[in-house]
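Trainee: Please give me a close look at the part of this structure around the ligand.

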Amino acid sequence: MNNPFETITVQHEPYVSRITINRPEVLNALNQQVIHELKAAVTFISKEQNDCRLIILSGAGEKAFVAGADIKEMSSLSPQQARDFSRNGQELTELLEQINPLTLAVVDGFALGGGCELAMACDLILASTKAKFGQPEVGLGLIPGFGGTQRLAKRVGLPIALDMLCAGRNLTGEQAFQLGLVSRICQPEEIEEETNKIVKRTLNHGPSAIGAAKRLCRASYSMALPVGLEAEADAFAGCFSNDEGKNGMSAFLEKRSANFAKKC
Ligand code: CO8
């Protein structure tokens, strides 16, 4: 697929798709077009790019992953349009959570408002020490509309979440790592190398297994334990009915690499 988008850049490599939000002049602020294009790109990858194992999401320029929703565009929305914007953004976050490929947000600058929410919808967040996370919406007389009121407390606990959501507390990359908001932390100059390590590891793992594991783990937030355990047992059984599980276990027993990456 050539890049058919205006606000994002999509590059497909074998097994990996890289999506860059490309509005550096406004610190990659999310307007309706960005959300629409992100949804289209992620849908395309999950349905058509069957070999994709990892989607890497980042922001263009030196300063920001995403500095939030586009305040200029938002300022003229009607209540109904605001609701639609919120629902569209939420659909994107749910899509990112449900698709098989692992999703990685690479945050090397501001991840504020909708940017923090978008990163939280990804399975992994790799942040540099230059990153800054926050939910500053109340300063605009707004609240998060992209899942922040629902996901943040589950990650960092109620006291820190309320501090961020209601009292404007920002977190450095290091603090975000200590508090469990992000998965990995590195120096800015190491971010490419760290990203490549995640790519390499992901390609050594069973893609269907990754998809099932991420969905079940996320579903644990909303399922009662007995229901979740039942779903886990079903999915575990499913691993024994596909080639992936057989390939992985045989490879271990035969002391060779399972080579999941070549098995598309
Ligand atoms: N929207 C629109 N434009 C922005 C945004 C934004 N969120 N953030 C930055 N910009 C623009 C600035 O206006 C500026 O443009 P110009 O050069 O034309 O003046 C340019 O980007 C560079 O920004 P600054 O000059 O302000 O850069 P600084 O380094 O001085 O400051 C900050 C960086 C601290 C990040 C600052 O730009 C800032 O505070 N930005 C706004 C952060 C914010 O409040 N974000 C939350 C927005 S609300 C939100 O996200 C709600 C989400 C819920 C709905 C989502 C549904 C999908």
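Mentor: The shell around the ligand takes at least two residues from each of α2, α3, β6 (110-112) and α4. Helices (H or I, at least four residues) and strands (E, at least two) are DSSP runs, numbered from the N terminus. This is a predicted model, in which local features need pLDDT of at least 70 and side-chain atom pairs count only at pLDDT 80 or more, while totals for chains, interfaces and linings use all residues. Residues are numbered from 1 along each chain as its sequence is written, and side-chain values use heavy atoms, without hydrogens or water.

There are 24 residues around the ligand, each with a heavy atom within 4 Å of it. Those that come nearest are Lys63, Ala67, Ala69, Ile71 and Gly114. By class, the shell holds 14 nonpolar, five polar and five charged residues; Asp, Glu, Lys and Arg count as charged, Ala, Val, Leu, Ile, Met, Phe, Trp, Tyr, Cys and Pro as nonpolar, and the others, Gly among them, as polar.

Three of these nearest residues deserve attention for their backbones. Ala67 places a polar backbone atom 3.0 Å from a nitrogen atom of the ligand. For Ile71, a backbone N or O atom is 2.9 Å from a ligand nitrogen atom. Gly114 has a polar backbone atom 2.8 Å from an oxygen atom of the ligand. Taken alone, the ligand exposes 1100 Å², and 65% of that is buried by the protein, with areas from the Shrake-Rupley method and a 1.4 Å probe.

The second largest pocket can be read alongside this shell. A pocket is an open set of points on a 1 Å grid over the protein atoms alone, where a 1.4 Å probe fits, with protein on both sides within 12 Å along at least five of seven lines; its lining residues have an atom within 4 Å of a point. This pocket has a volume of about 510 Å³, the space filled by probe spheres set on the points.

Its lining comprises 25 residues, and those nearest its centre are Ala69, Met74, Glu137, Leu142 and Ile143. Ala69 is thus named both here and among the residues nearest the ligand. At least two lining residues come from each of α2 (71-74), α3 and α4 (114-121), helices that also contribute to the ligand shell. The largest share, four residues, belongs to α3. By class, the lining of this pocket has 16 nonpolar, seven polar and two charged residues.

Methods: A polar contact is a pair of N or O atoms within 3.5 Å; within protein, one must be able to donate a hydrogen and the other to accept it, and residues adjacent in sequence count only if both atoms are side-chain atoms.
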